[in-house]
Each structure stands twice: as C-alpha cells, then as structure tokens.
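Welcome! Open your viewer, get ready to select residues, and let us take a short walk together.

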Amino acid sequence: MEYRKNEIRAGIFLLAAFAVFIVMVFSVSDVRSLFARKKEIKVLFTISDGIEKNAQVRFAGIKIGKVTNVRVAPEHGDMVELTLHVAEDAVIKEDSRAAIKTLGLVGGKYVELTPGSPDAGLLKPGGILDGEQSLKMEDLTRAGLEVMGKLRNIAFNIDRLLGDPALSRN
C-alpha cells in the first residue's frame, strides 16, 4: 500500500512540474502571434544588407511581424525581395517606406516600416513597397576618415601660416 502512495505522489509531482513548465513556455514565448491573423506584403531592396528569414518587422518601433522569405527577384530587375508577414490590423500606407536597420550597434537586423502620409491609401495584402538604402557602418567609418584627413590638412596649413616669420613681422 505504501508503494502505491509513493507512485501516486510521484505522478502528481510530475504532472504539476509539467503544468508549470507549460505555463512558463507560454509566458516567455510570443504565443499570441502564432494565432494572430497576418497579411503578406513584399519589399524591394537593391542590397539585402544581411537580413535573414525570421527577422523582425517593426512599424514605428513596434514589432508587428517577421520576414518569411528573402530572394533575388529577376522579375524586378534582380532586386532583393523580402516577403513580410505582418499583423492584419497594421495600417501600412501605399507610400510607407521600408529600411533595414540594426538593433543596437552590433545587434540583429530587422525591417523598419514608416507610417506614410495620412492621405495615402492603404497598401493591399500582397502589395509591394520600395526599400530605402540603409546607412552602413563602413560608410560612416569611411566618411569619418575623410573628415579627419581634411582636418589634418587644415591644421597643417594653419600651422604653416602662423609659423611664417614674414607674417609675424607684419
């Protein structure tokens, strides 16, 4: 009889532990988005900028979906086509713009959608948006080096001008 009570206690303990595990999984994960209705839109970019499938899609900073496909689209002049699944209630206008951004300085890539103008019509499901060229860290570094070179030339010319004895006599 004692042996049977221990089995029942162990079974109840395992059942409770499994229930706690399930509650924790649902609380940590974004389960609601699995059942939410989605609409599909496409975005065309000249360069993919390293964006990958399952990257986040944000609208004015709010997560509204994810990237479901990345491909080169020969029918659009070999542009990179991203297929986005976004929340059905997201208000995306025909003149909305899309850009590939980075979370933080070295974080993952995501697609940022801008709201568009108030008088523009709504983008229909399956519609196509134009993507904006992203500002890359390499471009910023290159521009910074060019500015440093120009500042160095300016400092050299000022030093040469102020060190001229004829100028100091006058």
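Begin by selecting S96 and P115: a polar atom of the S96 side chain lies 3.2 Å from the backbone oxygen of P115. Now add K93, whose backbone nitrogen is 3.0 Å from a polar atom of that S96 side chain. (A polar contact is a pair of N or O atoms within 3.5 Å; within protein, one must be able to donate a hydrogen and the other to accept it, and residues adjacent in sequence count only if both atoms are side-chain atoms.)

A word on what you are viewing: this is a predicted model, where local features need pLDDT of at least 70, side-chain atom pairs count only at pLDDT 80 or more, and totals for chains, interfaces and linings use all residues. Residues are numbered from 1 along each chain as its sequence is written, and side-chain values use heavy atoms, with hydrogens and water left out.

Stay with S96, in the loop between β4 and β5 (98–102). Is S96 buried or exposed? It counts as buried because its relative accessibility is 2%; buried means under 20% relative accessible area, exposed over 50%, and partly exposed in between (1.4 Å probe, protein chains only).

Next, show the strands (DSSP runs of E, at least two residues; helices are runs of H or I, at least four, and both are numbered from the N terminus). Seven of them close into a barrel, in the order β1-β4-β3-β2-β6-β5-β7, with mixed pairing. Zoom in on β3 (residues 62–73) and β4 (residues 79–87), which pair in the antiparallel sense over eight bridges; strands pair if DSSP finds at least two bridges between them. Here A73 stands opposite M79 of β4.

Finally, select M148 in helix α3 (residues 137–162). M148 counts as partly exposed because its relative accessibility is 47%.
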